[in-house]
Amino acid sequence: MKATAKAHTNIALIKYWGKRDETLILPTNNSLSVTLDGFYTTTSVEFNEQFTKDTFVLDDVSIAGEQYQRVANFLNLVRQLAGKEIYAEVKSTNAVPTAAGFASSASGFAALAAASTKAIGLKLDNTELSRLTRQGSGSACRSIFGGFAEWKKGEKDDGTDSFAVPITPKEHWDIRVAAVVLSSKMKKVSSREGMKRTVDTSPFFQGWVDSIPTDLAEIKEGIFAKDFEKVGQIAEANCLKMHATTLGAQPPFTYWLDTTVTVMQTVRALREQGIPAYFTIDAGPNVKVLYLPENEEEVQSTLRNIPGVTDVKLSRVGQGITYLEDESIV
Ligand code: ADP
Ligand code: DP6
Ligand code: CO
């Protein structure tokens, strides 16, 4: 009863920001992302009758507290679905900074969902897996798929119609993403807490929700047509709208550092020089820059030269979950 799975993170171009149900993790809006091959999690799960509780080791460190509880809660759902009362040992490796706005919860819970359901003997298709994964971390339901994926918020209260669907396969379009690392520190306000505070208190939240359907319809047109400027402009504006809602929250907060703004300005300066590049930012200070393969050298060297940038990691469009036969790699 052991299985190992690998999942990549994804970067949302239309952000998920707000829950209508915190227990089932049902979002207030559809979101759309691209899966990244450069950042991933590998997780191995073993269920064993001998175990008296779940254990969770992340990057060789035994985890307790809230991070442990999120994993144990997710395993409860898996046990419930399988109808089995059996504990698990979870070992995970993040090839992505944890809780720093690089979507470790997306690759982390997608890998956990894939490995744990396989280990316990459940045979789920990718839609069923995405629906379950959503309950670990919302953004994770999109990482089941490669390429571009959309998380359909669904209409029902029980969450059965809330899961991600593939939009285009990874081969559709070779766009690139540079992750500009400014800080790998754990963020002070988790995505979960940040979006809750925004929903509860920000007067800008409704405006955010109202603006989603148009952004979504237009970005999908752009993706199908491989219209890079269109996709980049919509993604950049959508990210700024999401971050604007946090300034209206009570107490107000922002994920940005001063260097975050410097990177944003540099990306705009690249555009003024005729290089199409656009930024997006998740719940953290670090910036992801979208660009085309022919501009890789110029974009990379410009970003590396910004004071305060500690690293620039380049990524292509990634694939969905995979199952690994060789469990020794974890
Ligand atoms: P991020 O920007 O990294 O997604 P979040 O605040 O959304 O930040 O989520 C970070 C949390 O996700 C961690 O504190 C931990 O609870 C969970 N997480 C991260 N990596 C893993 C993993 N490999 N396995 C299980 N849970 C993980
Ligand atoms: C800004 O999926 O990390 O990255 O569902 O509470 O686990 P939980 O939150 P999470 O939120 C991601 C927020 C975001 C935007 C996005 O990825 O769509
Ligand atoms: Co997250």
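## Exercises: two ligands and two backbone oddities

An oxygen atom of ligand 1 lies 2.6 Å from an N or O atom in the side chain of Ser104. The model is a predicted one, in which local features need pLDDT of at least 70 and side-chain atom pairs count only at pLDDT 80 or more, while totals for chains, interfaces and linings use all residues. Residues are numbered from 1 along each chain as its sequence is written, chains are lettered from A and ligands numbered from 1 in the order in which they are written, and side-chain values use heavy atoms, with hydrogens and water left out.

### Exercise 1

Describe the surroundings of ligand 1, beginning with its polar contacts (pairs of N or O atoms within 3.5 Å).

**Solution.** Step one: start from Ser104, at 2.6 Å. Lys187 has a polar side-chain atom 2.8 Å from an oxygen atom of ligand 1, and for Ser191 the distance is 3.1 Å. The protein covers 93% of the 570 Å² of accessible area that ligand 1 has on its own (Shrake-Rupley method, 1.4 Å probe).

Step two: look at the shell, meaning residues with a heavy atom within 4 Å. There are 21 residues around ligand 1, and Gln67, Ser92, Asn94, Ser104 and Lys187 come nearest. By class, eight are nonpolar, eleven polar and two charged; Asp, Glu, Lys and Arg count as charged, and Gly is among the polar ones.

Step three: find where the shell comes from. Helices (H or I, at least four residues) and strands (E, at least two) are DSSP runs, numbered from the N terminus. β5 (55-58), α1 (65-82), β7 (88-95) and α2 (104-119) each supply at least two residues, and α2 gives the most, with four. Domain 1 (2-171) and domain 2 (176-315) each provide at least three residues of this shell; the bounds come from an automatic or database domain assignment.

### Exercise 2

Now do the same for ligand 2: which residues come nearest, and which helix gives the most to its shell?

**Solution.** Step one: of the 18 residues around ligand 2, the nearest are Tyr16, Lys19, Ser137, Gly138 and Ser139. Helix α4 (residues 191-201) gives the most to the shell, with three residues.

Step two: check the oxygen atoms of ligand 2. A polar side-chain atom of Ser137 is 2.7 Å from one, and one of Ser105 is 3.0 Å away from a ligand oxygen. Ser191, already met beside ligand 1 at 3.1 Å, has a side-chain N or O atom 3.5 Å from an oxygen atom of ligand 2. The protein covers 96% of the 460 Å² of accessible area that ligand 2 has on its own.

Step three: sort the shell. It divides into seven nonpolar, five polar and six charged residues. At least three residues come from each of domain 1 (2-171) and domain 2 (176-315).

### Exercise 3

Find where the chain has a cis peptide bond and where Ile25, with its positive phi, lies.

**Solution.** Step one: recall the usual pattern. Most residues other than glycine have a negative phi, and most peptide bonds are trans.

Step two: go to the bond from Gln250 to Pro251, which is cis, with omega near -5°. Pro251 lies in the loop between α6 (228-247) and α7 (258-272).

Step three: turn to Ile25, whose phi is near 55°. Its place is in the loop between β2 (19-21) and β3 (26-27).

Technical notes
Polar contact = N/O pair within 3.5 Å; in protein donor to acceptor, adjacent residues only side chain to side chain.
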